[in-house]
Amino acid sequence: MENRAIARLLGETADLLEISGGDPFRIRSYRRAAEAVENSAEPLSSLARDPKRLQQIPGIGKGMAANIEEIEARGSTPLRDELLARYHPALLELLKLPGMGPKTVALLWESLQVGSVEQLEAAIEAGKLRTLPRFGDKLVEKLRRGVADYRKNSGRFLLDAAEEAAEQLSRYLLQFGGITRVTPAGSLRRGRETVGDLDILATGPACAEDTVRDAVAHTAAYPPIADLIAKGQNKVSFHLRSGLQVDVRLLPEASYGAALQYFTGSKTHNIALRQRALKLGYSLSEYALSRLEDGSVAASGGEEEIYAALGLDWIPPELREGSGEIEAAAARSLPALIEQADLRGDVHMHTRATDGRNTIAEMAEAAIARGYEYIAITDHSKNLAMTNGLDDRRALEQIRRIRECDAEMEGRIRILAGIEVDILGDGGLDLSNEVLAQMDVVIASVHSLFQQPREEMTARILKAIENPFVTILGHPTGRLLLRREAYALDLVAILKRAAALRVAVEHNASPERLDLRDVDLRLASEMGCGIVVNTDAHHTSHLDKMRYGIRQLRRAGLRKQDVLNTRPLPEFLAGLRRGS
Ligand code: DGT
Ligand code: CA
Ligand code: CA
Ligand code: ZN
């Protein structure tokens, strides 16, 4: 299990303890352990059977080491299980609603026995909340809207959580002798922003017809399974504890390509492809592409063969949404999509100066390890007080430190001095022009007053990018996937002005943002905007989130030349405003 997942389970234990009115000291010890795990550079799963080494991590004592072992072994802590059993298995979902903290959850439980989002919804509808102290009309309305948003998003999962679950399951399946290949299909393979359920394909000698029973049994014995939905001849479906559904299909090598093609989808793409097959005298199924005349197999083992037999170039999964990709593949005119290896830099990241976890040098070394030629350090500005954002004086100090560190790198990488400056409510910027002028990269972002009406928000951002020192508009719509909608704004007007001013727009690769959406990215590119893809890393390990951003750019059909930070540094800077 990844550190992040372990940290989440420890954090949930702390939440539950807090709801139960537990000992504050004990609550803090779980929170501290969660933080220590999250920030540990070493993957804890490699240490889980070695309590001594676990205990060397500051914040992890003997008891916590035992908890981590439990988490590794069965995906929960004993206390978490005990408390969930005492309340409601879905109690933690309540904490995801806006305005809901442990105290409120405790109150709802004690007074109304509300332990899940469903029960909260019913209590709101029945007018029961009004009877409670502190629950005024405003709070009740906020909760009602929160429940509605939750409903809209529920059942979907962020890309990183889905990928993590798929990787963990793959490792388990590959432990079984005779399963040699495991591939996630479905929306995860297509790189959609969020995932409804996981579709996993496995193959190998163990998946042949006469042996598949044992492979199915192994799959159904996967320890993190919360409940088994179905166990068929070569298919196992279950829920993980997170609620994520997984469909595993075990297939013989011979039909792997056809199955991968089928279960990758999308449904729309598949329907169009099947129609094309029929027109050409074939039938296409999850088992094979067969000739209509005699039923003989024309292609089945690999995706390339299937597309080729249909007169098509192989279509990258990100493009399989039924939006013209089949016609393009037939005309041999699919775009050469951008790849991760095309990137030369990442120009949005935070350090300890504000809310990041690492130093400038650590971020630089991590970037070197990932093959980058340049980065920009872009900490927050003072308006974001909770991050200890920089004021003018500290920003200048930070520039000095960046320049120093850059010199110490002796050309192994270039470190640009940057800032992520807050766009204030009126469109002004949070730092003085004198300071901004000294930055190589100025990302301007909205982090407050998300509720402004559309005209106001649009004017605010337009005013901000008029500032001559702004080079990049950060996460332009401010959405948080599954949590917060984009703020209301006239994106087209903003993209148009940004293109004219040569202000680049950011695609934020963080899986909870992925802002801009694929359609917006295509639009931005068509309108001539510079596009920069950044991780917004707050930790060295976050630099790896770039892959999610790349997939979104590919979904938008973008190529290497459409993205500025694929260029060598001089050309990158020249592509930004102020560059010449
Ligand atoms: P999701 O799970 O909502 O994020 O989206 P998908 O695309 O993973 O959808 P899912 O899990 O329902 O199905 C996985 C793939 O299986 C889908 O992309 C295409 C294929 N598939 C499923 N049902 C059908 C169907 O009725 N017809 C066709 N042609 N393909 C289907
Ligand atoms: Ca799926
Ligand atoms: Ca599915
Ligand atoms: Zn930001």
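Here are some numbered points on the metal sites, the ligand pocket and a few backbone details of this predicted model.

1. **The first calcium site.** Let's start with the calcium ion (ligand 2). Its protein donors come from Asp 197, through both O and OD, and from Asp 199, through OD. These atoms sit 2.2 to 2.6 Å from the ion. Six donor atoms surround the calcium ion (ligand 2), and the angles between them run from 69 to 166°, which makes the arrangement irregular. The reason lies in the cut-offs: six donors count as octahedral if opposite donors are over 155 degrees apart and all others between 65 and 115.

2. **The second calcium site.** The calcium ion (ligand 3) is held at 2.3 to 2.7 Å by two OD contacts from Asp 197, one from Asp 199 and one from Asp 247. Along the chain, these donors follow the spacing D-x1-D-x47-D. Asp 199 belongs to strand S4 and Asp 247 to strand S7 (residues 245-251), so this pair ties together parts that are 48 residues apart in sequence.

3. **A shared aspartate.** Which residue bridges the calcium ion (ligand 2) and the calcium ion (ligand 3)? That is Asp 197, and the two ions lie 3.8 Å apart. If you look at how covered these side chains are, Asp 197 is partly exposed, with a relative accessible area of 23%. Asp 199 counts as buried, at 13% relative accessibility, and Asp 247 is buried too.

4. **The pocket of ligand 1.** Ligand 1 has 16 residues around it, and Arg 156, Ser 187, Arg 190, Gly 196 and Asp 197 are the closest. The calcium-bridging Asp 197 is therefore worth viewing in both settings, as it is also listed among the closest residues to ligand 1. By type, the shell divides into three nonpolar, seven polar and six charged residues. Four elements each supply at least two residues of this shell: helix H11 (186-190), strand S4 (197-203), helix H13 (256-264) and helix H14 (267-279).

5. **Polar contacts to ligand 1.** Three side chains are good to inspect here. A polar side-chain atom of Ser 187 is 2.5 Å from an oxygen atom of ligand 1. In the side chain of Arg 156, an N or O atom lies 2.9 Å from an oxygen atom of the ligand. For Arg 274, the partner is a nitrogen atom of ligand 1, at 3.5 Å from a polar side-chain atom. Taken alone, ligand 1 exposes 600 Å², and the protein buries 73% of that.

6. **The zinc site.** The zinc ion (ligand 4) has three protein donors, Glu 420 (OE), His 447 (NE2) and His 475 (NE2), at 2.1 to 2.2 Å. Their spacing along the chain is E-x26-H-x27-H. Glu 420 is in strand S13 (residues 414-422), while His 447 is in the loop between strand S14 (441-445) and helix H20 (454-466); the two are 27 residues apart and link distant parts of the chain. Both Glu 420 and His 447 are buried.

7. **Two cis peptide bonds.** Most peptide bonds are trans. Here, the bond from Gly 265 to Ser 266 is cis, with omega near -5°, and Ser 266 is in the loop between H13 and H14. Those two helices also contribute to the shell around ligand 1. Another cis bond joins Asp 515 and Leu 516, with omega about 15°; Leu 516 is in the loop between strand S16 (504-508) and helix H22 (518-526).

8. **Positive phi values.** Most residues other than glycine have a negative phi. Arg 502 has a positive phi, near 60°, and is placed in the loop between helix H21 (491-501) and S16. Asp 536 has a phi near 60° as well, in the loop between strand S17 (531-534) and helix H23 (546-555). Is each of the two buried or partly exposed? Arg 502 is partly exposed, with a relative accessible area of 39%, whereas Asp 536 is buried, at 9%.

9. **Leu 491 and Pro 476.** Finally, Leu 491 lies in helix H21 and is buried, with a relative accessible area of 12%. The C-alpha atoms of Leu 491 and Pro 476 are 8.3 Å apart in space, and the residues are 15 apart in sequence.

Definitions and conventions. Residues are numbered from 1 along each chain as its sequence is written. Chains are lettered from A and ligands numbered from 1 in the order in which they are written. This is a predicted model: local features need pLDDT of at least 70, side-chain atom pairs count only at pLDDT 80 or more; totals for chains, interfaces and linings use all residues. Side-chain values use heavy atoms; hydrogens and water are left out. Donors are N, O and S atoms within 2.8 Å of the metal (3.2 Å for Na, K and Ca); water is not among the atoms, so sites may look incomplete. Four donors count as tetrahedral if all angles lie between 85 and 135 degrees; four count as square planar and six as octahedral if opposite donors are over 155 degrees apart and all others between 65 and 115; anything else is irregular. Buried means under 20% relative accessible area, exposed over 50%, partly exposed in between (1.4 Å probe, protein chains only). A residue is near a molecule or strand if one of its heavy atoms lies within 4 Å of it. A polar contact is a pair of N or O atoms within 3.5 Å; within protein, one must be able to donate a hydrogen and the other to accept it, and residues adjacent in sequence count only if both atoms are side-chain atoms. Accessible areas come from the Shrake-Rupley method with a 1.4 Å probe; for residues, only the protein chains shown count as cover. Ala, Val, Leu, Ile, Met, Phe, Trp, Tyr, Cys and Pro count as nonpolar, Asp, Glu, Lys and Arg as charged, and the others, Gly among them, as polar.
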